[in-house]
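Got a minute to look at a protein together? Have the sequence and the 3D view ready.

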Amino acid sequence: MSRYWNKTVKNITPYVPGEQPKGQKYIKLNTNENPYPPSPKVIEAITNAANDTLRLYPDPSSDELRETIADITGLKKENVFIGNGSDELLAFSFMAFFEPVGAPVLFADVTYSFYRVYAAFFNVPYQLIPVDNEFNVPIEGYFQENGGIIIANPNAPTGKGVSCTDIERILEQNRNSVVILDEAYIDFGGQSASGLINRYPNLLVIRTLSKSHSLAGLRVGYALGSAELIEGIMRVKDSFNSYTVDRLAQAGAREAIKDKTYFQETREKIIQTRERVSARIKSMGFHVIPSQANFIFISHAQYSGEVLFKKLREKGILVRYFNKPKIDNFIRVTIGTGEEMDCFLETIATICNSAAGKK
Ligand SMILES: Cc1ncc(COP(=O)(O)O)c(C=O)c1O
């Protein structure tokens, strides 16, 4: 604690990202990165963009990338905003749409932990909607007065999705608040709400290239919404940092979006691996939450989540463990390549067969 920090910084509990190991080589199944490299066209575009134009600032509104995304989603450029990863878009949305006084913003008690961090940081009151034993969020929880709603769909860290019908019911009941759908994992099997944007001016869909487009290192996310919502976020960006997305990121992201064949191939491989691993791990006696994302959330009656996490780490496999209410007996395992997952299955079987893993 430093006496130079302001009150907000003294009081915040920052988000803790998953470990990015530096020395030892791990099988990394802890931060929901894509195990496959980005499309070769992305690398080519970034290499070509690494030239003397780097002395110039990038396009502050990433217009070419906005056009590319507009084409693919059937929306207009005015409905698209580009950000430095979806975390930045979430932060800008808190600043643009939520108030420090009045009704609370609603989100699930088990969801992406950054929402609480932003709420605390921006002084926005919030209310948690409790998930049930199987991590379903009862949508009626969102039928009450509020200052906004955020739903991760599919949810993190559970992988549970909400149907478009339910999303629409939530939107119907909340015409006066901004409803944010964080679709970071939507490409792995969820139902996107982007088709509802033209009918609900209060709907903001936030997506990222970090997961399904293998570009966590490039930091590009985008928001889809009515022109008025997009203009609101643009006003925040231009009051904060006009150039959040650099030239290389804009060039690479465009090619990633355009290369639909590569995108389909890699996401299909991940979905197939997820289904295979889910079935195998279930047969070992694990409880597996049905996942629509690129990870699985699993627990075992006889082996604690924390012990499994530690034992896997000792054996060179990183997964994510959250020491938090309702989920402290689970581990979240990102879907890696087929070979990585075979190694994971073999290792976890060994741990479970030895008395050492028991609770
Ligand atoms: C639900 C959810 N939203 C947003 C993000 C942030 O993604 P990025 O900032 O890489 O776009 C993550 C990352 O893990 C996530 O799990």
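Here are some questions and answers about this predicted model.

Q: Which helix gives the largest share of the shell around the ligand?
A: Start with the shell itself: 13 residues surround the ligand, and Gly85, Ser86 and Asp87 are among the closest. Now look for the helix with the largest share, which is three residues. That share comes from helix H4, residues 85-97.

Q: How many charged residues does the shell around the ligand have?
A: Sort the shell by class. You get five nonpolar and six polar residues. The charged ones come to two.

Q: Are H10 and H11 oblique or roughly parallel to each other?
A: The axes of H10 (residues 305-314) and H11 (residues 338-353) come within 10 Å and cross at roughly 120°. Angles under 35 degrees would count as roughly parallel, and 65 to 115 as roughly perpendicular. The crossing angle fits neither range, so H10 and H11 are oblique.

Q: Which residues in H11 meet H10?
A: H10 passes H11 in a right-handed crossing. On the H10 side, the residues are Leu308, Lys311 and Leu312. Their partners in H11 are Thr347, Ile348 and Ile351.

Q: Is H2 roughly antiparallel or roughly parallel to H8?
A: Helices H2 (residues 40-49) and H8 (residues 247-258) pack at about 150°, with their axes 8 Å apart. Anything over 145 degrees counts as roughly antiparallel. So H2 and H8 are roughly antiparallel.

Q: How many nonpolar residues does the contact of H2 with H8 have?
A: H2 brings residues including Val42 and Ile46, while H8 brings Leu248 and Ala251, among others. By class, the contact has one polar and four charged residues. The nonpolar count is seven.

Definitions and conventions:
Residues are numbered from 1 along each chain as its sequence is written. This is a predicted model: local features need pLDDT of at least 70, side-chain atom pairs count only at pLDDT 80 or more; totals for chains, interfaces and linings use all residues. A residue is near a molecule or strand if its C-beta atom, placed from the backbone, lies within 6 Å of it. Helices (H or I, at least four residues) and strands (E, at least two) are DSSP runs, numbered from the N terminus. Ala, Val, Leu, Ile, Met, Phe, Trp, Tyr, Cys and Pro count as nonpolar, Asp, Glu, Lys and Arg as charged, and the others, Gly among them, as polar. Axes are lines fitted to C-alpha atoms, for helices over the stretch in contact, and angles run from 0 to 180 degrees between N-to-C directions. A crossing is left-handed if the near helix is turned anticlockwise from the far one by less than a right angle, and right-handed if clockwise. Two residues are in contact if their C-beta atoms, placed from the backbone, lie within 7 Å.
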